[in-house]
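Q: Please take a close look at the ligand site in this model. Then follow the chain outward from there.

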Amino acid sequence: MYDVIVVGARCAGSPLAMLLARAGRRVLLVDRATFPSDTVSTHFIQQTGLALLRDWGVLAAAVGDATPIRYMTLSFKDIRISGFSDPIDGIDAVYAPRRTVLDAALVEAAQSAGAEVRQGYSVEELVFDDEGRVVGIRGRSAAGTVSEERARVVVGADGANSTIARLAGATTYNHVPASCFIYYSYFAGLPWSSFHHRTGHDEQQMGAWPTNDGLHLVAVMRKRPRFRAFRAADEANFQEVVDQVTPDLGDDLRQAERVAPLQPMLYPDNYYRQASGPGWALVGDAGYYKDPYTGNGIADAFRHAGMLSSALLSGLDTDDQVLDTALRAYGAHRDEETAETYNFTCTISELDLPSDIYDAFDASSRHERYRTEFFRLLAGATPGHEFFAPERLERMYREVGFQPTVGA
Ligand SMILES: Cc1cc2nc3c(=O)[nH]c(=O)nc-3n(C[C@H](O)[C@H](O)[C@H](O)COP(=O)(O)OP(=O)(O)OC[C@H]3O[C@@H](n4cnc5c(N)ncnc54)[C@H](O)[C@@H]3O)c2cc1C
């Protein structure tokens with residue numbers, strides 16, 4: 001009998017298992033994948049997430065030889081903002097490590113902490129007691145052996161298509177349909193030393209940043225109705241988006257060598273799921289997913305793993321009622337602290353900024369101090385309600401001599 005079974009061993013599951021095991025808990029961590037292995041992602045980790053990796057003692061292993069990023073250029077149609085934030089939580093660079101590197105380091109950290117790790121193991125069923133409380137899992141090893149394991153709590157850290165959420169009957173709320181699709185790949189020989197996240201006219205986007213092995217990840221995004229047409233000539237269309245959104249970078253890409261196939265994905269919808277129920281909880285994308293535009297998925301998964309670990313540690317030695325209350329409080333905290341970013345992400349991922357946000361970004365682009373503050377907003381270090389506070393915007397517009405199109 002385990003204290004906790006964690007299903008899914010990437011950004012959310014491995015840190016949770018590590019933290020519980022470090023606190024002396026008996027933890028089983030399972031994943032149908034084996035590690036190192038890849039998953040669909042563009043890898044960018046915010047400073048707040050990197051600070052957690054540092055605090056956990058796994059930062060160096062988690063980023064490997066990924067190139068540090070200390071200069072970023074973002075554009076929205078005709079606005080272009082270049083610079084970087086001040087250090088956040090003591091972190092003065094961002095990284096975008098391949099998931100083959102990051103996730104393997106996280107699994108290793110969980111194992112070193114004392115969690116029992118079972119790779120190539122797929123969970124197929126939940127085990128319930130007579131009162132409908134989750135008390136375990138049934139799963140299948142890669143060799144086809146079916147086994148049952150019992151625990152006080154089963155945690156689904158099993159991603160957007162969470163089996164645990166489905167089997168537990170977790171409800172979904174604040175659902176917002178996805179806006180875009182993405183194509184991305186890895187390129188050698190690009191001379192770009194910084195990060196680009198550029199949104200052009202005509203509802204399309206490109207992103208490019210360095211990762212491990214001296215390679216760059218390059219991604220393009222368009223609205224979902226254009227997916228079928230894009231797919232019909234994906235290589236030419238990939239180059240076309242880069243040429244149209246960033247004419248200054250298109251030639252570099254033509255000269256570079258693509259070292260992996262183009263990876264397409266229709267983004268999943270944005271949602272929250274009920275974070276817990278009797279004997280179960282969800283963490284990471286299993287419980288909360290939003291468009292990758294603002295690059296918060298990985299850092300959120302780390303932070304929520306920490307929050308869920310605290311809730312579990314406070315409740316595991318108590319009765320079911322107290323434990324369930326602690327898990328509900330974790331869910332309420334998750335929803336409250338992400339609400340602002342969630343709404344902002346769902347808005348900006350439409351690739352057409354409302355005028356008031358466009359004005360605020362336009363004015364920010366005109367002065368170094370405000371550019372730095374803009375990058376703090378993007379990193380999640382400055383909350384939206386502070387950045388967009390009317391009195392702050394008025395002061396900024398006055399100082400940079402900007403006439404907003406919308407009354408500030
Ligand atoms: C195209 C794209 C680009 C992105 N780019 C970024 C970015 O640049 N920065 C950022 O911060 N976020 C990004 N994200 C989001 C980020 O990838 C996720 O938020 C993050 O991976 C969530 O981690 P997780 O551990 O919750 O889930 P996942 O990474 O999805 O891991 C879930 C794990 O559960 C396992 N699993 C699933 N079902 C079972 C089962 N039944 N039994 C056993 N194991 C199971 C899977 O094998 C998998 O290993 C992006 C997402 C997408 C789709």
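A: The site comes first, then the loop beside it, the core and a few single residues.

This is a predicted model: local features need pLDDT of at least 70, side-chain atom pairs count only at pLDDT 80 or more, and totals for chains, interfaces and linings use all residues. Residues are numbered from 1 along each chain as its sequence is written, and side-chain values use heavy atoms, with hydrogens and water left out.

Start with the shell. It has 32 residues around the ligand, and Asp31, Thr42, Phe44, Asp285 and Ile298 come nearest. A residue counts as near if one of its heavy atoms lies within 4 Å of the molecule. By class, 15 shell residues are nonpolar, 11 are polar and 6 are charged. Here Ala, Val, Leu, Ile, Met, Phe, Trp, Tyr, Cys and Pro count as nonpolar, Asp, Glu, Lys and Arg as charged, and the others, Gly among them, as polar.

Now the polar contacts, meaning pairs of N or O atoms within 3.5 Å; within protein, one must be able to donate a hydrogen and the other to accept it, and residues adjacent in sequence count only if both atoms are side-chain atoms. The side chain of Asp31 places an N or O atom 2.7 Å from an oxygen atom of the ligand. For the side chain of Arg10, that distance to a ligand oxygen atom is 2.8 Å. His43 uses its backbone: an N or O atom there lies 3.3 Å from an oxygen atom of the ligand. On its own, the ligand has 1,000 Å² of accessible area, and the protein covers 93% of it. Such areas come from the Shrake-Rupley method with a 1.4 Å probe; for residues, only the protein chains shown count as cover.

Which elements give two or more residues to the shell? They are strand 6 (121-128) and helix 9 (297-315). Strand 6 gives the largest share, 3 residues. Helices (H or I, at least four residues) and strands (E, at least two) are DSSP runs, numbered from the N terminus.

Next, the loop between strand 2 and helix 2, which holds His43. His43 is not a glycine, yet its phi is positive, about 75°. Its relative accessibility is 1%, so His43 counts as buried. Buried means under 20% relative accessible area, exposed over 50%, partly exposed in between (1.4 Å probe, protein chains only). Pro36 lies in this loop too, between strand 2 (27-31) and helix 2 (47-55). A cis peptide bond joins Phe35 to Pro36, with omega about 5°. Most residues other than glycine have a negative phi, and most peptide bonds are trans.

Helix 9 leads on to the core. The largest nonpolar core has 97 residues, of which Leu53, Leu312 and Phe361 touch the most other members. Helix 9 gives this core its largest share, 8 residues. A nonpolar core is a set of buried Ala, Val, Leu, Ile, Met, Phe, Trp, Tyr and Cys residues joined through side-chain atoms within 4.5 Å. Beyond its neighbours within four places in sequence, Leu53 is in contact (heavy atoms within 4.5 Å) with Ile45, Val58, Leu59, Ala62, Leu102, Leu106 and Phe302.

Two single residues remain. Gly156 lies in strand 8 (residues 146-156). Gly156 is buried, at 0% relative accessible area. Not counting residues up to four places away in sequence, Gly156 touches Val7, Ile164, Ala281, Leu282, Val283 and Ala286. Asp213 sits in the loop between strand 12 (204-210) and strand 13 (216-223). Asp213 also has a positive phi without being a glycine, about 60°. Asp213 is exposed, at 57% relative accessible area.
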